[in-house]
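Biologist: I would like to learn how to read a model like this one. Could you take me through it feature by feature?

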There are 2 protein chains.
Amino acid sequence: MTSPAKRQRADARRNYDVLLEAAKDVFARLGTDAPLEIVAQEAGVGRGTLYRHFPSREHVFAAIMRDSAELLDARARELLDAPDGATRLPEWLRLYDRAATEYPGMSGHVGDGLADDGSPVAATCAPMKASFAALLDRARAEGHVRPDVTATQVLTLVGALPKDPATGRTAEPYLDVVLAGLRITT
Amino acid sequence: MTSPAKRQRADARRNYDVLLEAAKDVFARLGTDAPLEIVAQEAGVGRGTLYRHFPSREHVFAAIMRDSAELLDARARELLDAPDGATRLPEWLRLYDRAATEYPGMSGHVGDGLADDGSPVAATCAPMKASFAALLDRARAEGHVRPDVTATQVLTLVGALPKDPATGRTAEPYLDVVLAGLRITT
DNA sequence: ACCTGAACACCGTTCAAGT
DNA sequence: ACCTGAACACCGTTCAAGT
């Protein structure tokens with residue numbers, strides 16, 4: 001279930017899939033700011049075809065995030081009833097961080113997209129975002145989290161954390177600092 | 001003391017000053033990712049002249065930061081002996097955040113530059129960075145700060161915090177979250 | 001209905017010619 | 001020694017022509 005279920009010609013559907021795989025490949029090698037021109041080339045289609053399927057780079061990110069967003073959504077709903085209330089949020093946010101940094105440079109775009117309701121990333125990740133918000137609400141109700149942060153803010157903040165240039169992953173100890181900062185420590 | 005003290009022709013020196021003022025003006029209006037072409041135009045010089053004085057956009061940021069870095073350096077040295085140990089770091093980091101966000105989009109570049117010893121920003125801000133490191137060391141020694149963060153990491157993290165799109169300033173409550181996360185709270 | 005690739009736009013960067 | 005602006009490169013984006 002990696003592409004949208006719209007009715008379309010077989011070649012169009014195939015091009016979508018090929019483009020998405022090419023994008024993952026190119027992004028993995030060159031980072032998510034790589035020229036989309038290269039993606040079209042590697043997919044073996046014309047530039048116009050790429051822009052038809054993915055009107056903007058953000059649409060590519062949204063497509064890339066589709067599967068992880070589904071997993072993260074499910075995981076958030078599971079964690080809602082997990083026994084140890086204090087560790088639910090850290091655990092989920094680490095998974096989110098891993099998913100958002102799967103391709104170098106993507107997490108900032110994902111975090112920004114989640115803060116903008118008009119973005120394709122926000123559309124794709126809406127269920128995940130809602131489930132995380134529920135998780136955050138419960139943590140807040142139980143007094144584990146400072147009350148002045150919203151779900152969107154947390155996701156945007158984590159997405160913005162500086163990266164290790166070598167791996168593209170969030171560098172240590174930024175996530176730990178943020179998790180500590182979110183805790184209520186009276 | 002806004003431009004380097006190298007010996008140069010009067011017109012060159014004047015062009016440097018005009019370009020820097022133009023950059024501030026353009027950055028204030030269009031953000032720090034604005035085309036440098038516009039800066040050259042507004043300064044009334046050719047593109048080549050701009051690149052002669054500022055080989056890269058980072059060099060412009062370094063020049064823009066020169067004065068604030070001097071102030072921040074002085075302030076850090078003052079605060080080293082301030083009475084209330086727990087508030088020294090927050091106070092200074094708020095000032096740093098204000099300076100780095102003076103032009104929309106600049107703080108990320110400044111934070112990245114400070115983490116890269118080869119960058120012109122790192123060169124310009126070296127005294128400031130050293131003074132801040134001393135401040136951080138003392139806070140660490142007094143047990144106010146978690147021991148696993150370096151000065152560079154703190155400055156890069158603060159520079160990376162998400163911005164309010166309207167003002168370009170660090171949005172609330174990100175800096176508060178980070179400051180809380182840096183504290184030792186046993 | 002979709003694809004292709006030429007064409008245009010934008011802007012960073014260089015450099016030959018000028019003063 | 002420095003300035004200028006034409007020229008090139010790169011790449012996002014569009015669109016007329018084709019299938």
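Biologist: Into how many nonpolar, polar and charged residues does the surface near DNA strand C divide?

Modeller: There are 5 nonpolar, 7 polar and 7 charged residues on that surface. Here "near" means that one of the heavy atoms of a residue lies within 4 Å of the molecule or strand. As for the classes, Ala, Val, Leu, Ile, Met, Phe, Trp, Tyr, Cys and Pro count as nonpolar, Asp, Glu, Lys and Arg as charged, and the others, Gly among them, as polar. Before we go on, a word on the ground rules. Residues are numbered from 1 along each chain as its sequence is written, while chains are lettered from A and ligands numbered from 1 in the order in which they are written. This is a predicted model, so local features need pLDDT of at least 70, side-chain atom pairs count only at pLDDT 80 or more, and totals for chains, interfaces and linings use all residues, with side-chain values based on heavy atoms and with hydrogens and water left out.

Biologist: Good to know. Which residues come nearest to DNA strand C?

Modeller: Among 19 residues around the strand, the nearest are Arg9(A), Asn15(A), Thr49(A), Arg47(B) and Tyr51(B). On the DNA side, sugar and phosphate make up 61% of the strand C atoms that come within 4 Å of the protein.

Biologist: And which elements supply that surface?

Modeller: Elements come from DSSP: helices are runs of H or I of at least four residues, strands are runs of E of at least two, and both are numbered from the N terminus. Four helices each give at least two residues to the surface: α1 (10–30) and α3 (47–53) of chain A, and α2 (36–43) and α3 (47–53) of chain B. With 5 residues, α3(A) gives the most.

Biologist: Which protein atoms sit by the phosphate oxygens of DNA strand C?

Modeller: For a polar contact, look for a pair of N or O atoms within 3.5 Å; within protein, one must be able to donate a hydrogen and the other to accept it, and residues adjacent in sequence count only if both atoms are side-chain atoms. Asn15(A) places a polar side-chain atom 2.3 Å from a phosphate oxygen of the strand. From chain B the partners are polar backbone atoms: that of Leu36(B) is 3.1 Å from a phosphate oxygen, and that of Glu37(B) is 3.5 Å from one.

Biologist: How are chains A and B related?

Modeller: In general, two copies of a chain are related by a rotation about an axis and a shift along it. We superpose by least squares on the C-alpha atoms of residues with pLDDT of at least 70 in both. Chain A falls on chain B with an RMSD of 0.0 Å after a turn of 180° and a shift of 0.0 Å along the axis. The two copies are therefore related as by a two-fold rotation axis. Within chain A, the C-alpha of Gly181(A) comes closest to that axis, at 1.7 Å.

Biologist: Now for empty space. How do I read cavities and pockets?

Modeller: Rolling a probe the size of a water molecule over the atoms shows where empty space is left. On a 1 Å grid over the protein atoms alone, a cavity is a set of points where a 1.4 Å probe fits but cannot get out, a pocket is an open set with protein on both sides within 12 Å along at least five of seven lines, and lining residues have an atom within 4 Å of a point. Points are joined across faces, edges and corners, and the volume is the space filled by probe spheres set on them. The count here is 4 cavities of 30 Å³ or more.

Biologist: What do the largest and second largest look like?

Modeller: The largest cavity has a volume of about 110 Å³, and α5(B) gives the most to its lining, 5 residues. That lining has 8 nonpolar, 2 polar and 1 charged residues. The second largest is about 50 Å³, and its lining has 8 nonpolar residues, no polar and no charged ones. Leu19(B), Phe54(B) and Val60(B) are among the residues that line the second largest cavity.

Biologist: And what is the volume of the largest pocket?

Modeller: About 1,600 Å³. Its lining has 46 residues, and nearest the centre are Gly108(A), Ala160(A), Gly108(B), Asp112(B) and Ala160(B). By class the lining splits into 16 nonpolar, 20 polar and 10 charged residues.
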